[in-house]
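Here are some notes for a colleague who is meeting this structure for the first time. They are set out as numbered points, to be read with the sequence and the coordinates at hand.

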Amino acid sequence: MSELRDRVIAVHGGLDRWNELTSVRAHLVNGGGLWAMKGQEGVIEDVTVHLYLHRQFAGHFPFGRPGLRSAFTSERVAIESDAGEVIEERLDPRDAFAGHTVETPWDRLHLAYFAGYAMWTYLTAPFSFADPGFQTEELAPWQEDGQTWRRLKVTYPDHIATHSREQTYYIDADGLIRRHDYVSEVLGSTGPAAHYSSEHREFDGIVVPTRRRVHLIGEDGDVMPEPLIVSVDLDDIVFE
């Protein structure tokens, strides 16, 4: 148990409210250099994501063109028609990234897997940290931009698909997540990334950062302002 874990969950809306909800839907505008680097520029530039809060499922639509949507779980990823017809499918989707380097292009199923687990990770934090199998540990505080941020190391259980097992969250004086460090293992050898969150707003009792920017961390430990790897802007967020 972690006092910091409990505080950040409470500030973002609390477990009582979270457990009353089952899903979330949000409009996304995605940018940054990752998508072109992987040969998938524009596929999910302007989409809606829908995910379940208490089991790992996420889908984006439209996916590539009107009438198509993605469907992600840790064991399976698919592209389907709006009527539910399976167009493409891949089981054990993590295995499909074996041997990839930064330059390895993705197909649409690679993209659906990455985008699915990434948005599930982002939109369920910090509440998922209280789920069975998650481990949390407070690290030494961090100084950035004249502020002191507390740090929470989160170890994800094996059954959850995410960037890497160990990830670090930076929490400001108000208890809000402001930064999130991880290694995106499926990308190959990009090294660690710093994912900044801002413009937090409340939706249906849950606080969500609506502006996200991902940068690489250099060998000296400093965050590299360029290139911008991923940007995510969210609006029209509805919890149900």
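1. Please keep in mind throughout that this is a predicted model. A good place to start is R213, whose side chain makes a polar contact with the side chain of D233 at 3.2 Å. R213 belongs to strand β12, which runs over residues 206-217. At 15% relative accessibility, R213 lies under the 20% limit and therefore counts as buried.

2. The surroundings of R213 fall in two stretches of the sequence. Leaving out residues up to four places away, R213 touches A194, H195 and Y196, and also L228, V230, S231, V232 and D233. D233, the partner in the polar contact already described, lies within strand β13, which covers residues 223-239.

3. H195, one of the residues that R213 touches, sits in strand β11, made up of residues 192-203. H195 has a relative accessibility of 1%, so it is classed as buried. Its side chain makes a polar contact with the side chain of R212, at a distance of 3.0 Å. Beyond four places in sequence, the contacts of H195 include Y122, the run R178, R179, H180, D181 and Y182, and also R212, R213 and V214.

4. Where is there enclosed space in the model? A search of the whole structure finds 1 cavity of 30 Å³ or more, and the largest cavity holds about 130 Å³. It is lined by 14 residues, of which Y122, A125, I177, P209 and R212 are the closest to its centre. Two of these, Y122 and R212, are also contacts of H195, and R212 is the polar partner of the H195 side chain.

5. The lining of this cavity draws two or more residues from each of α4, β10 (177-183) and β12, with β12 giving the largest share, 5 residues. By class, the lining divides into 9 nonpolar, 4 polar and 1 charged.

6. The largest pocket should be considered separately, and its volume is about 310 Å³. Among the 28 residues that line it, those closest to the centre are L34, F114, L187, I229 and V230; V230 also appears among the residues that R213 touches. At least two lining residues come from each of α3 (34-37), α4 (108-124), β11, β12 and β13. The pocket lining comprises 20 nonpolar and 8 polar residues, with no charged residues.

7. Another part of the model to inspect is the hairpin formed by β7 and β8, in which 2 residues lie between the strands and D145 in the turn has a positive phi of about 55°. Strand β7 (residues 135-144) and strand β8 (residues 147-155) pair in the antiparallel sense, over 8 bridges. Within this pairing, W142 stands opposite W149 in β8.

8. What does D172 touch, once residues up to four places away in sequence are set aside? Its contacts are Q147, W149 and R178, and W149 is the residue that W142 stands opposite in the hairpin. The side chain of D172 makes a polar contact with the side chain of R178, at 3.4 Å, and R178 is in turn among the contacts of H195.

9. As for its setting, D172 is found in the loop between β9 (166-171) and β10. Although D172 is a loop residue, its relative accessibility is 9%, and it therefore counts as buried. From D172 to A193 there are 21 residues in sequence and 19 Å in space, C-alpha to C-alpha.

How values were computed: Residues are numbered from 1 along each chain as its sequence is written. This is a predicted model: local features need pLDDT of at least 70, side-chain atom pairs count only at pLDDT 80 or more; totals for chains, interfaces and linings use all residues. Side-chain values use heavy atoms; hydrogens and water are left out. Helices (H or I, at least four residues) and strands (E, at least two) are DSSP runs, numbered from the N terminus. Buried means under 20% relative accessible area, exposed over 50%, partly exposed in between (1.4 Å probe, protein chains only). A polar contact is a pair of N or O atoms within 3.5 Å; within protein, one must be able to donate a hydrogen and the other to accept it, and residues adjacent in sequence count only if both atoms are side-chain atoms. Contact means heavy atoms within 4.5 Å. On a 1 Å grid over the protein atoms alone, a cavity is a set of points where a 1.4 Å probe fits but cannot get out, and a pocket is an open set with protein on both sides within 12 Å along at least five of seven lines; lining residues have an atom within 4 Å of a point. Grid points are joined across faces, edges and corners, and a volume is the space filled by probe spheres set on the points. Ala, Val, Leu, Ile, Met, Phe, Trp, Tyr, Cys and Pro count as nonpolar, Asp, Glu, Lys and Arg as charged, and the others, Gly among them, as polar. Two strands pair if DSSP finds at least two bridges between them.
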